[in-house]
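Student: I have a structure open and would like to learn how to read it. Where should I begin?

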4 protein chains.
Amino acid sequence: MTRTLEPSSTDPFFPEIESVRFAGPDTDDPLAYRYYDADRIVLGRSMRDHLRFAVCYWHSFCWPGDDVFGEGVFARPWHGAGDPLAQAERKLEVAFEFFSKIGAPFYTFHDRDLAPEGASLAEGHENLAHMLDRAEAAMDRTGVGLLWSTANLFGHPRYAAGAATNPDPDVFACAALQVRDALEAAHRLGGANYVLWGGREGYDTLLNTDLARENRQLGRFMNLVVEHKHKIGFEGAILIEPKPMEPTKHQYDFDAAAVHAFLQEHGLENEIRLNIEVNHATLAGHSFQHEIAYAAAHGLLGSLDINRGDPQLGWDTDQFPNSLEEVSLAWYALLQAGGLGSGGFNFDAKLRRQSVEPVDLFHAHVGGVDILARGLLVAAAMIEDGAIAEHVEQRYAAWGGDLGRSILAGDTDLAALADLALDRKLDPKPVSGRQEALENRINRYR
Amino acid sequence: MTRTLEPSSTDPFFPEIESVRFAGPDTDDPLAYRYYDADRIVLGRSMRDHLRFAVCYWHSFCWPGDDVFGEGVFARPWHGAGDPLAQAERKLEVAFEFFSKIGAPFYTFHDRDLAPEGASLAEGHENLAHMLDRAEAAMDRTGVGLLWSTANLFGHPRYAAGAATNPDPDVFACAALQVRDALEAAHRLGGANYVLWGGREGYDTLLNTDLARENRQLGRFMNLVVEHKHKIGFEGAILIEPKPMEPTKHQYDFDAAAVHAFLQEHGLENEIRLNIEVNHATLAGHSFQHEIAYAAAHGLLGSLDINRGDPQLGWDTDQFPNSLEEVSLAWYALLQAGGLGSGGFNFDAKLRRQSVEPVDLFHAHVGGVDILARGLLVAAAMIEDGAIAEHVEQRYAAWGGDLGRSILAGDTDLAALADLALDRKLDPKPVSGRQEALENRINRYR
Amino acid sequence: MTRTLEPSSTDPFFPEIESVRFAGPDTDDPLAYRYYDADRIVLGRSMRDHLRFAVCYWHSFCWPGDDVFGEGVFARPWHGAGDPLAQAERKLEVAFEFFSKIGAPFYTFHDRDLAPEGASLAEGHENLAHMLDRAEAAMDRTGVGLLWSTANLFGHPRYAAGAATNPDPDVFACAALQVRDALEAAHRLGGANYVLWGGREGYDTLLNTDLARENRQLGRFMNLVVEHKHKIGFEGAILIEPKPMEPTKHQYDFDAAAVHAFLQEHGLENEIRLNIEVNHATLAGHSFQHEIAYAAAHGLLGSLDINRGDPQLGWDTDQFPNSLEEVSLAWYALLQAGGLGSGGFNFDAKLRRQSVEPVDLFHAHVGGVDILARGLLVAAAMIEDGAIAEHVEQRYAAWGGDLGRSILAGDTDLAALADLALDRKLDPKPVSGRQEALENRINRYR
Amino acid sequence: MTRTLEPSSTDPFFPEIESVRFAGPDTDDPLAYRYYDADRIVLGRSMRDHLRFAVCYWHSFCWPGDDVFGEGVFARPWHGAGDPLAQAERKLEVAFEFFSKIGAPFYTFHDRDLAPEGASLAEGHENLAHMLDRAEAAMDRTGVGLLWSTANLFGHPRYAAGAATNPDPDVFACAALQVRDALEAAHRLGGANYVLWGGREGYDTLLNTDLARENRQLGRFMNLVVEHKHKIGFEGAILIEPKPMEPTKHQYDFDAAAVHAFLQEHGLENEIRLNIEVNHATLAGHSFQHEIAYAAAHGLLGSLDINRGDPQLGWDTDQFPNSLEEVSLAWYALLQAGGLGSGGFNFDAKLRRQSVEPVDLFHAHVGGVDILARGLLVAAAMIEDGAIAEHVEQRYAAWGGDLGRSILAGDTDLAALADLALDRKLDPKPVSGRQEALENRINRYR
């Protein structure tokens, strides 16, 4: 495919906006950071290294502002009619202008965000290769890194019945192509991770679905990906992103525990970790903090999508984070677990549909980054103070005694424990869990 | 403890009610079975053997008809003041009168349903021993079997912070005593299974909880139980009953997948299976059919609690089943998986609080048994017709071809599949999933 | 606007499908009615007159099979590139071919379903006028009637912040134009009703919203519509369709009770009735039966959208009805209330996205119509049998006594009643509500 | 009934706890107020007058710490066996000790919290009279006022099928007695309000329910109450507390809008206002802020129950408030509406069941009062700053123009507006709703 591309413009898309800078909590500037001071050291690391935040290409630059009931309202120049590749190039320029101005150390993308689908697999493959050159150049120019890439295995009609779990193995092969290319893209661009989201790996009705068979297909697919990662020497982590439903009625990667079961069944528990999303956690009936704690307790903590849901709504609203309460509890679980490693905080968040102006992208991200920074400060204070951790340790202190140690060591059996309970006339009394006092304590830090 | 017990009465409690008999669909008798014909052969087995239904001691004979906002309304004679053991004996007589009249092949109980808690562990232990003699005699007399027993590890104040996951190992030991006794009770009474429900194995707040530590405690406990089962030679299955929340904010045995992850982590996936409850499935955000299909696909199908929830309510309403639609889909999943083995259908269901008359117990169970029988007939018709299964098989037929087989056999790698997709210019088209047609088809059978 | 339109084809779109006919419950033909026998008399009226069912133009002919995560998968000829008006004409031909073959007495449409939006208000206005000629001709030719029309006040970007409740009164005026035209279209086409769905009359955040002001705007709008109806002499009913959320976070017409409050506040309770949707009822936390019963109890019953939701999903899934249990309870509430009058059952339902073939439209509607017909038969049997209604009447019989009558007549006051309770030493006992027996009874009829 | 009562003790129940005092944000004392400084003036009124907080007798002094799965764990001396009236007296002493030490200006009670039910209506009536003497004395002694009283019309078996909506008019009369007495108690004790919560005014199944009839009964009851209030000259407000479900499947007072509809229908919209509870709002699918805003927009704002729910749980968890984010938004809505008038903030909240120690009552209330005080400060800052209110005003500014004013004044009709839209070629563009910027703005104040 040879042709001359004429990007419609190389002018700045956000000419009126300077780089966003830290200006302290008292600033009146709504487009300055009040808490995110990249070089500030918190618990021995810079805020930059703690947050490792990423802007999401899809929501911020590809989504046109449509919803189920209405057409796109964001009149971005690259959304109109025109040559798809030229539009992709213009979009990339604008995206990197934004990444730079917001001070993002990372971005994330689906293959189809970066490069147009094309009329055939081959064309999509070439489009991606073409755009990767541009992306690489832009990354070199700006210093923005890649937190992760992923393959869009849900948008094209061929994936209507799933990708790896499709009843048609040809679709499995198409998915293999996209994942190979997107994984190699991550490798080439120095990506810190590679993410798999099983957008349509699930079912709409059990009446036409063979659950056990689809589980085998999915297990095989994940093993193929892991093998390829090792083959090409990609050092980043492979991550699965749980989600309970939407677009399907039931997704196989329902929540952290379901993925944990899957990984163990397919021998992948040491190869794949989790990309946990706030909104997916709450749709699955868990708090975000729970999903982080579960992942941490099982060595599965990978990265985070930090977009929140709405407590009254039953779908993925993908809102920018703005709850210090939610974010600080997540940070606390995270810091206790030793942090995210190669992971980061991805703003897999979209503007509200009425936020039609380009400047709204800045408002949204500035607020999001700032709430993360502020949450970090709160959690760091909790860690440094230590009162809550000490309470928890004290609560379980009796397990350090003879009985507790012998139970956990496997030195006793059920009958012996039963007899001991009778012999010692055990009559343990409930001890206050101090929930209200602990909840008050948390509110001291924020 | 020696004393003379004076059961208040040995008269029938339901004198006006005969044994419930099969009378066919056209009967006008609300207390006759219209579909449950115990000896009728369906798919090669009697209805009795398919259903293996059990009456639940707790809900039907212990619960006084109270709720969070109101006191007990069921004026059963054994609920009043009096000697607890004498009341337990009277209750047992009434329960077996009911089991016999309803024609139940099985019942289920918690240790504390059968025998009073007592003022100490020793007293509870003795009370249980005393009542097991009575229960054994009643079972011999009536021929009613035990589907499973279980230990109540959630009612007594000592379990306020959990049993095996309690911060106090003394509580763990108390739980060991109760489980040993209840498991040995199952063994003595010829129970087909033993069930563990982690009523308070979970947390109210993560602020005071060490998730990883509690997971280790719970894993150790389950291994102790399994070891004891083998030691005493109990042949029944050990079952865990998933539930997502209530009474705690978050139960560790959230759903089938969470228990599956837990079992694998602790090396128990071949030792413990699942007791799946309709109402717990729906509280966890799954259909009942899903939880059965998940368990079946992973070899974890054990037994069922057949009480339903209310689609508009967010707590465990424990209602008697009456939806042919829900029940027949469950049966279909079940029959496809080869049935329940040693499991059965337990009516872990309670009367609505306004159903204050003893006869309401009969209405509830007659309707429940009948909907199960009718659901079985529907699912059997689906199986015999075969149209839906054939559709599913056809849907995946392409996986029987070269590409599909080589993928599943592990004969190919990601790069080869990717190249194949490009080389063959794959362009698979979406195929109708036929959901509406299949849903119509189902409605032909019921 | 003058131009020559070349419909791409006048050939049948469903050439292989005959008219759907009644063939009885035992037919093997999946595209025949098993229960819907239009001329069969049930409770004194024909099934045709009971059901008055309508096919929904939008879902079945305009929606391309896209969802939030994927593009359109329905390759209908009129969805591709081309002249919008020519496509609209082709679509109309196909739609009426479908209405005729399925035997639908009615259809329903939004203005923008029938005619393209156009580049300006004037063009949209003219497009509608043009298409109304075609629609009128097609209706004359086929005998298909209009159950209701409505205006799409949510799709165009101008309605992003609502229509009547928009912060910009110009948008209010645009909405007035669309509603006038759509209402006059209903009048011209002999429509039985006119429906208003406040697609974006609500808010995304209270932070930017003046609830009281928007309530006044909405009240004024509804009064303008009612005045215009009377002015033009439209005899049909004006209906509001409640929905709790989606696309906005909170819709003002949350549920039947919220609309009831609104109508009373604005003096419209005798002018506007309700169009109740199954899926909207359940999203609002009510059963469908509840919303019908509420509307009936307050004289607000208008018409029904009969598409169901999924009990595990928190958004509007708009599925075809297939639950006899849900539908028969709705019918029972409906028949007790005297039926729907000018209303009917609108299939505001969409195919599952994987149901990509044209024939799936037939499967979906045939199953939907049949479940309605079967539900009618069940409810009619309940009415004819009378046992449940008699139970209810008996339950309240005591209100026919002196005390009950004097209370309701207003002949007593609180103090007198209190004294009476003391003087008579009242001690009323709970009476069984017989819920389980009644639920069993229902299962006799279906 | 004459007998000698021997309160078991008159010693302080919380001897180790001093009165809770304001000590500023930096205090380390967990039992001191950090924000609640009763005399501090905020927006022209003292914090005491803003908050008007009340301790709830039921949850804090009557509830024994049981739940659906376990017995009471709070070993309060007055919960054991003994003379009910003596226990009630001891409980009252302890309650007022607590009210005083926590610095509560108000308390709230159900009749049955204060005084034992007794064996008959007459005995309950006398018990209440007896305890009112004691309560009056305690109020005089301590200066604690009554925010509201209410009647418990849901605990006794006679109310199993509702009170005013009971199928038995004798139950209606019993309810009339309790409400007369509780309302007169409020009058005697100088109560600021009287609350009605329809605990079982709803249904468990529509199969046995006549919705329209029960609506008439309830309307009559509310009118009787209002008439009696005027007759005795009670100056406080009559309030209804909405709740969507629990204990019944569906409560008639579902949410603010449902009560609004009911009040208008029965001519009570100027007589009765709302007592809005956080947890009831969220169970009904609304944010707390929404319910306040709805009530304010319709002149129905009465008082608040400030206990929160859990976003993952579907029942009334009645937790103490601790979310500054939730509370500050509620305050903002409240202050914009001019405050609560005679209402206040009632802690209708219970300890978590594991919080077994008496001191936990202090932790819970101190944290709750402080989060209210802090929320007030945040909302006051929002009001004083004015930026958000100004944004809202600007957003609707165009309604101040000719078109907007003529629409709202009723000076135009639908046809004229439609013609105007065409004539002026209206083409309004979407304007940014600025949701993210506003959400960021809010986070500046807290």
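Student: How many bridges join strand β4 of chain A to β5(A), and do the two run parallel or antiparallel?

Tutor: Keep in mind that this is a predicted model. To read a strand pair, look for the bridges and then for the direction. Here β4(A), residues 106-110, is joined to β5(A) by five bridges, and the two run parallel. One place to look is Phe106(A), which stands opposite Gly145(A) in β5(A).

Student: Which strand do two bridges join to β5(A)?

Tutor: That is β6(A), residues 193-196, and this pair also runs parallel. In this pair, Trp148(A) of β5(A) stands opposite Asn193(A). To get from β5(A) to β6(A), the chain crosses through helix α6(A), residues 169-188, and this β-α-β crossover is right-handed.

Student: How many of the six residues of β5(A) are buried?

Tutor: Burial is judged by counting neighbours: a residue is buried if 20 or more other C-beta atoms lie within 10 Å of its own. Five of the six residues of β5(A), which covers 145-150, are buried, so by that count the strand is mostly covered. For chain A as a whole, 59% of the 446 residues count as buried.

Student: What radius of gyration does chain A have, and what would a compact globule have?

Tutor: The idea is to compare the chain with a rule based on its length. A compact globule of 446 residues would have a radius of gyration near 22 Å, and chain A, with 24 Å, agrees with that. The C-alpha trace of chain A spans about 90 × 60 × 45 Å along its principal axes. Chain A holds 16 helices and twelve strands.

Student: How do I read a helix such as α11 of chain D, and what span should its 13 residues have?

Tutor: Start with the length. At 1.5 Å a residue, α11(D), residues 324-336, should span 18 Å, and its end C-alpha atoms are indeed 18 Å apart. Then check burial: ten of the 13 residues are buried, so α11(D) is largely enclosed by the rest of the structure. Among them are Leu324(D), Trp331(D) and Tyr332(D).

Student: What covers the buried residues of α11(D)?

Tutor: The cover includes α10(D) and α12(D), together with α16 of chain A. Just after α11(D), Gly338(D) takes a positive phi of about 95°.

Student: How many residues of chain A are in contact with chain B?

Tutor: An interface is read by counting the residues on each side. Here 83 residues of chain A are in contact with 83 of chain B. The side belonging to chain A has 49 nonpolar, 17 polar and 17 charged residues.

Conventions:
Residues are numbered from 1 along each chain as its sequence is written. Chains are lettered from A and ligands numbered from 1 in the order in which they are written. This is a predicted model: local features need pLDDT of at least 70, side-chain atom pairs count only at pLDDT 80 or more; totals for chains, interfaces and linings use all residues. Two residues are in contact if their C-beta atoms, placed from the backbone, lie within 7 Å. Ala, Val, Leu, Ile, Met, Phe, Trp, Tyr, Cys and Pro count as nonpolar, Asp, Glu, Lys and Arg as charged, and the others, Gly among them, as polar. Helices (H or I, at least four residues) and strands (E, at least two) are DSSP runs, numbered from the N terminus. The radius of gyration is taken over C-alpha atoms; the globule rule is 2.2 Å times the number of residues to the power 0.38. A residue is buried if 20 or more other C-beta atoms lie within 10 Å of its own, exposed if 12 or fewer, and partly exposed in between; C-beta atoms are placed from the backbone. Two strands pair if DSSP finds at least two bridges between them. A crossover is right-handed if, with the strands pointing away from the viewer, the path from the first strand over the helix to the second runs clockwise. The expected span of a helix is 1.5 Å times one less than its number of residues.
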